[in-house]
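Work through the exercises below with the coordinates open, and compare each of your results with the solution that follows the task.

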There are 2 protein chains.
Amino acid sequence: MSTETKQTNTSGKIITPEQLLAHWQGHRSLTRRTIEVFPEKDFFNYTIGGMRPFATMIKELLAIAGPGIEGIVTEKWQEFNEDLKLSTKEDILKLWDETTVKIDTLWNGISESEFQKEIVAFGQYDGTIQSTILYFIDNEIHHRGQGYVYLRFLGIEPPMFWDRN
Amino acid sequence: MSTETKQTNTSGKIITPEQLLAHWQGHRSLTRRTIEVFPEKDFFNYTIGGMRPFATMIKELLAIAGPGIEGIVTEKWQEFNEDLKLSTKEDILKLWDETTVKIDTLWNGISESEFQKEIVAFGQYDGTIQSTILYFIDNEIHHRGQGYVYLRFLGIEPPMFWDRN
């Protein structure tokens, strides 16, 4: 993929690559803070309604974000694997932060003209680069919203939804 | 605002106005189906973790979407009011569908060059038109994800997250 320099002029653009990156990373920052407020044992074990523990959802998000941006930029897709061998919040947050750097680093590997390119994410999900990235973000918001219910059940105040810093 | 005809050519665009509209309406379609699967009484009364019933969250979404697109296009903002006098699923779904038509109808009132324009949504939330619309969508995904937990608790299968038709 091209590594052409991104324009910072927003004129005539619905959303710029820089804005889409900031949007994604803003959501990831909020999810990181949601992980942080979970007590260690509840993060890995607490479930309601027959759903997965929040840690298992977070492993799904980690299996999507880093390998996802790599696949988009390199056009080489690994098989989707959310069975990550991580058993502490510290290890999860470490991979979360490494993924943050990976996304920032690889982002410029997507040229503006490529966002509408058709891809098959993880070798099985048809879309364009833009629709795939929006799906990654939407899926994260969806599961984080579920984590908020877990926290409310545990009597813990979740981070403010509108705070993306 | 301008009512200029939108281009359907996607070249060089991260996301087109038509794609952003379809993205929003696709999420709204999924939320509509999430409302539909709730039993009437649980929709209005069921709560967990001290949170609001799903109907109250849906009233918030209705108070945002229709008045939101109207404010964006007319540049006249009403005071935000989520205290909607709707007490049946039928009435809620009727307003939901009217809002769907309103969004489709008013959408062309946003010209491509306006998506980066700074606005103050509902007279109190600073952003651009694009960031405001993305916030509307994100907020809907967030609360719908919480509705999914309510449904799981009730032993009801939610709609498939990836289905936006």
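The exercises below concern the relation between two chains and the interface between them.

This is a predicted model, in which local features need pLDDT of at least 70 and side-chain atom pairs count only at pLDDT 80 or more, whereas totals for chains, interfaces and linings use all residues. Residues are numbered from 1 along each chain as its sequence is written, chains are lettered from A in the order in which they are written, and side-chain values use heavy atoms, with hydrogens and water left out.

**Exercise 1.** Determine the operation that lays chain B on chain A.

Solution. Superposing by least squares on the C-alpha atoms of residues with pLDDT of at least 70 in both copies gives an RMSD of 0.0 Å, by a turn of 180° with a shift of 0.0 Å along the axis. The two copies are therefore related as by a two-fold rotation axis. The same surface serves both, since 100% of the contact residues of chain B (heavy atoms within 4.5 Å) recur in chain A.

**Exercise 2.** Find the area buried between chain B and chain A.

Solution. Taking the accessible area (1.4 Å probe) lost on putting the two parts together, summed over both, one obtains about 3,100 Å², of which carbon and sulfur atoms give 67%. Ile14(B), Gln116(B) and His142(B) supply 23% of the area that chain B buries against chain A, more than any other three residues.

**Exercise 3.** Count the salt bridges across the interface of chain B and chain A.

Solution. With a side-chain nitrogen of Lys or Arg required within 4 Å of a carboxyl oxygen of Asp or Glu, the rule finds 2 salt bridges. Arg164(B) and Asp138(A) meet in a salt bridge through their side chains, at 3.9 Å from N to O.
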